[in-house]
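Here are some short exercises to work through with the structure open beside you. Try each task yourself before you read its solution.

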Amino acid sequence: MHERRFDPSRMHKLEDPDRTNWLPAHEIVDSLGLLPGWTVADIGAGSGYFTVPIAKVIGGSGRVFAVDVSRQMLDYLRAKLSAASVGNVQYIESDAVSTGLASGCCDCVFLANVWHEFDDPKAIAAEMRRIVTPGARMGVLDWRPDADPVHGPPLEHRIQAEEARRLFAEAGFLMEAHVQLFPFSWFLRGALPSDTTPARGER
C-alpha cells in the first residue's frame, strides 16, 4: 500500500463521533454553496463523512459520484447509505488522477483529506478541471502541517494549502484568497469561471 494512503483497516477513525467537534462536515459542505439538483464529485469519499451531507443538500434530483480507490471503502459506504435510504450516490472505484468521469459532468468537485496522498497533485488538479462544468465550484480540505498531529497523518506527509491553491489556479480555477483553518485542517475554495471553454472528450 502507498505509504501516504489511508489504510482501510483504520476505518473506525473516520467514524469517530468526536470528529464532528474538530471537523464540522456540515459547515464545510454548506460553504461550498451547493444547490439542489447539482452533480458533485466527492474524491476520496472514504466512509462517507462528507458524502452524506452533500447528498442531502443536493437532494434526490442531484447526484454524488463517490470516488475512492479502495473497494473496501466503497463497499462500506454503499452498505451505510443503503441502510440510511440515501439513493442519489454512484460509487466509482478509481484513482483520482483518472476518475473515468465524463468531461464537464460536475457542478462541484470536493477533495477531503486526500491531497497529501497524491504523487502528482498537478495531474489531479487538471483532472478536477476536466470533469467540472464552467461556473463549477471546488473545495479541497487537508491536514495542516503546523498543527499538533493528534489526528491525521505524520507531519512530514502534509502539504501547505498554498501549494494546492497554486496548482488549482494554474488549472484554471479562481481561488479565494482566504484559507479557512480548523484545529487540524485547512480548507480552500474556488470556482471555474462561467465563461471558460468546456473541456472536451474523456480519458
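**Exercise 1. Aromatic pairs**

Find how many aromatic pairs there are in this predicted model, and classify the pair Y49 and F50.

*Solution.* Start with the count, which comes to eight aromatic pairs. Next, take the rings of Y49 and F50: their centres are 5.1 Å apart, and their planes meet at 90°. Planes over 60 degrees apart count as edge-to-face, so Y49 and F50 form an edge-to-face pair. Both of these residues are buried.

Now try the rings of F168 and F173 in the same way. Their centres lie 5.6 Å apart with the planes at 70°, so this pair is edge-to-face. Check the surroundings too: F168 has 0% relative accessibility and counts as buried, and F173, at 2%, counts as buried as well.

Finally, look for rings that link up. Y49, F50, F110 and F187 are joined by ring pairs into a cluster.

**Exercise 2. A charge and a ring**

Which ring does R78 lie over, and at what distance from the ring centre?

*Solution.* Locate R78 and look for the ring face beneath it: the ring belongs to Y91. The distance from the ring centre is 4.6 Å.

**Exercise 3. Cysteines**

Decide how many disulfides the structure holds, then examine C106 and C108.

*Solution.* Recall first that a disulfide is a covalent bond between the sulfur atoms of two cysteines. A search of the whole structure finds zero of them. For C106, the nearest cysteine sulfur is that of C105, 3.5 Å away. The cut-off for a disulfide is 2.5 Å, and C106 is in no disulfide. For C108, the nearest cysteine sulfur is that of C106, at 8.5 Å, and C108 is in no disulfide either.

Are these two residues buried or exposed? C106 has a relative accessible area of 1%, so it is buried. C108 has a value of 0%, so C108 is buried too.

**Exercise 4. The largest nonpolar core**

Describe which residues and elements build the largest nonpolar core.

*Solution.* Begin with the members: there are 33 residues, and I28, L34, F50, I54, V89 and F110 touch the most other members. Then ask which elements contribute. At least two residues each come from α2 (25–31), α3 (51–58), β2 (63–68), α4 (71–83), β3 (89–93), β4 (106–112) and β5 (132–143). The biggest contribution is from α3, with four residues.

Zoom in on L34. Setting aside neighbours within four places in sequence, L34 is in contact with V29, V40, I54, V57, I58 and C108. Apart from this core lies another, of 31 residues, including A96, M138, F173 and V179.

**Exercise 5. Strand β1**

How many residues of β1 (residues 39–43) are buried, and which strand is β1 joined to by five bridges?

*Solution.* Count along the strand: five of its five residues are buried. Sort them by face: T39, A41 and I43 are on one side, V40 and D42 are on the other, and all are buried. Then look for the partner. Five bridges join β1 to β2, and the two strands run parallel. In one of these bridges, D42 has A66 of β2 as its partner.

**Exercise 6. Apart in sequence**

How many residues apart in sequence are R19 and H151, and how far apart in space?

*Solution.* Place R19 in helix α1 (residues 19–22). R19 and H151 are 132 residues apart in sequence, while their C-alpha atoms are 9.5 Å apart in space. As a last check, R19 has a relative accessible area of 6%, so it is buried.

Definitions and conventions
Residues are numbered from 1 along each chain as its sequence is written. This is a predicted model: local features need pLDDT of at least 70, side-chain atom pairs count only at pLDDT 80 or more; totals for chains, interfaces and linings use all residues. Side-chain values use heavy atoms; hydrogens and water are left out. A nonpolar core is a set of buried Ala, Val, Leu, Ile, Met, Phe, Trp, Tyr and Cys residues joined through side-chain atoms within 4.5 Å. Buried means under 20% relative accessible area, exposed over 50%, partly exposed in between (1.4 Å probe, protein chains only). Contact means heavy atoms within 4.5 Å. Rings of Phe, Tyr and Trp (its six-membered ring) pair if their centres lie within 6.5 Å; planes under 30 degrees apart count as stacked, over 60 as edge-to-face and the rest as tilted. A charge sits over a ring if NZ of Lys or CZ of Arg is within 6 Å of the ring centre and within 35 degrees of the ring normal. Two strands pair if DSSP finds at least two bridges between them.
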